[in-house]
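This report is an introduction for a reader who meets the structure here. Please look through the sequence and the model before reading on.

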Amino acid sequence: EEQGWRMLSVVRVHLPSEIPIVGCEITPYVLLRLPNGAISTEDVPETAAVDGHFMRYRWYRIQSDRKVAICSVHPMEQATIQCLGCLKSKIPAAKSYHCSAKCFSDAWQHHKVLHERASSALNENGAEEEELFGRFGSGSSGILSSGSGSMSNLGQSPGVNNGPVPLYPSGSDKSSGETWFEVGRSQTYTPTADDIGHVLRFECAAVDTEKKVPAGPPTSIMTSRVIPAPTPTPRRLIQVNGDVLGHLDMDSQSSSFGTFTVLSYNILADAYATSDAYSYCPTWALSWTYRRQNLMREIIGYHADIICLQEVQLNHFEDFFAPEFDKHGYQALYKKRTTEVSLSCSLSSQIG
Ligand SMILES: [Zn+2]
Ligand SMILES: [Zn+2]
């Protein structure tokens, strides 16, 4: 029987980062062996099947009967205390958990910002609060609720499209008390607030185009528990000259007549954001899908007339920065660096 190696098959699957974050797209790396023996990382969809086989993907959320609360600061630790201030302010429960009293007091300077935002949102109106903090644990599967305040500026812009999925559990194992919910049917999945605290399982299999059944057992991989998107600590700007910074702050909507503001920002190319170079940083925080939304939110937040970015990879410019800047009324240009390193500068200017 020589069919085994002649058929489309999965060689290896791995995750770009072990901890999934709400709102940050995950695209597992899937290495395939084609019927001609070649190794490929390209998807084989049903519309471009090879020798009667195509790739099928499934994402499952594994819900355990045993409800485990996870520390909001240390995603690998179980929570032992909960902030009562968060409960009173209706901040998502996931953000209120801490693994120890020390963890809570260490996080306080950062954590209290959530309370301040919640109370100012409550003062404005009830609807605003809903928008800032989203709904926790009450939505149905597959529907994105804005998981945290940090997501509210970008909204769904990275394109949350997990596709239509059944609302009912697709399987359960009585002995382990686990229930599987199918949450996605494409190679890429964007965790939602409903996934917080749960493990995700990714499965892929070569499927027969005629019979529509997998040719063999699927290759699968499990993630760590999904965590809410952390709220980055506000940046403390150094006053260089009172007049200069007066023009560049979060509140100024536009500069006065005859003047303009320029923002220069080195975004740190994904190619350089490695665990070797930044060993103190968790891998999920180094992942491009996590960093790009924080970068975009901060950069746009300065309302600069001209924005200059360094270390921009061409694919990130085309797939992310150019369309995102366009949404905010900027015209984006890409200038390739003249050395052989393929990192470049990008210039955006606001028009109209
Ligand atoms: Zn709190
Ligand atoms: Zn902790």
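The sections below treat a metal site, two groups of strands, a helix and a set of salt bridges in turn.

## The zinc site

The model is a predicted one, and the description begins with its zinc ion (ligand 1), whose protein donors are C83 (SG), C86 (SG), H111 (NE2) and H115 (NE2), lying 2.0 to 2.2 Å from the ion. Along the chain these donors follow the spacing C-x2-C-x24-H-x3-H. The angles among the 4 donor atoms run from 97 to 116°, and the site of the zinc ion (ligand 1) is tetrahedral. For comparison, the ideal angle for four tetrahedral donors is 109.5 degrees.

The two histidine donors belong to helix α3 (residues 101-124), where H111 and H115 are separated by about one helical turn because they are 4 residues apart. Both H111 and H115 are buried.

## A sheet of three strands

An open sheet of 3 strands is arranged in the order β1-β2-β3, and its pairing is antiparallel. Strands β1 (9-14) and β3 (39-40) stand at the edges with a single partner strand each, so that one side of each is left without a neighbour in the sheet.

The pairing of β1 with strand β2 (residues 29-33) is made by 5 bridges, the two strands running antiparallel. Within this pair, S9 stands opposite R33 in β2.

## Strand β11 and its partner

In strand β11 (residues 262-266) the side chains alternate between two faces: L263 and Y265 point to one face and are buried, whereas V262, S264 and N266 point to the other face and are not buried.

Strand β11 is joined by 5 bridges to strand β12 (residues 306-313), and here the two strands run parallel. One position in this pairing can be located through N266, which stands opposite Q310 in β12.

## Helix α7

Is helix α7 largely enclosed by the rest of the structure, or left open? Of its 14 residues, 14 are buried, and α7 is therefore largely enclosed by the rest of the structure.

The length of helix α7 (residues 288-301) can also be checked, because at 1.5 Å a residue its 14 residues should span 20 Å, and the end C-alpha atoms are 19 Å apart, which agrees. Just after α7, H303 takes a positive phi of about 55°.

## Salt bridges

The count of salt bridges in the model comes to 7. One of them joins the side chains of E182 and R58, at 3.9 Å from N to O. Since E182 lies in strand β8 (residues 178-184) and R58 in strand β4 (residues 53-64), the pair ties together parts that are 124 residues apart in sequence. E182 counts as buried, at 6% relative accessibility, and R58 is likewise buried, with a relative accessible area of 12%.

E182 also forms a salt bridge with R185, and the closest N and O atoms of that pair are 2.4 Å apart. R185, with a relative accessible area of 44%, is partly exposed. Through salt bridges that share partners, R58, E182 and R185 are joined into one network. Another salt bridge is formed by E203 with R201, where the closest N and O atoms are 2.9 Å apart, and both E203 and R201 are buried.

Methods:
Residues numbered from 1 in each chain as written. Chains lettered and ligands numbered in written order. Predicted model: local features only at pLDDT ≥ 70, side-chain atom pairs only at ≥ 80, totals over all residues. Heavy atoms only, no water. Pairing = 2+ DSSP bridges. Donors = N, O, S within 2.8 Å, 3.2 Å for Na, K, Ca; no water. Tetrahedral: all angles 85-135°; square planar, octahedral: opposite > 155°, others 65-115°. Buried < 20%, exposed > 50% of the residue type's maximum accessible area, 1.4 Å probe, protein only. Expected span 1.5 Å × (residues − 1). Salt bridge = Lys/Arg side-chain N within 4 Å of Asp/Glu carboxyl O.
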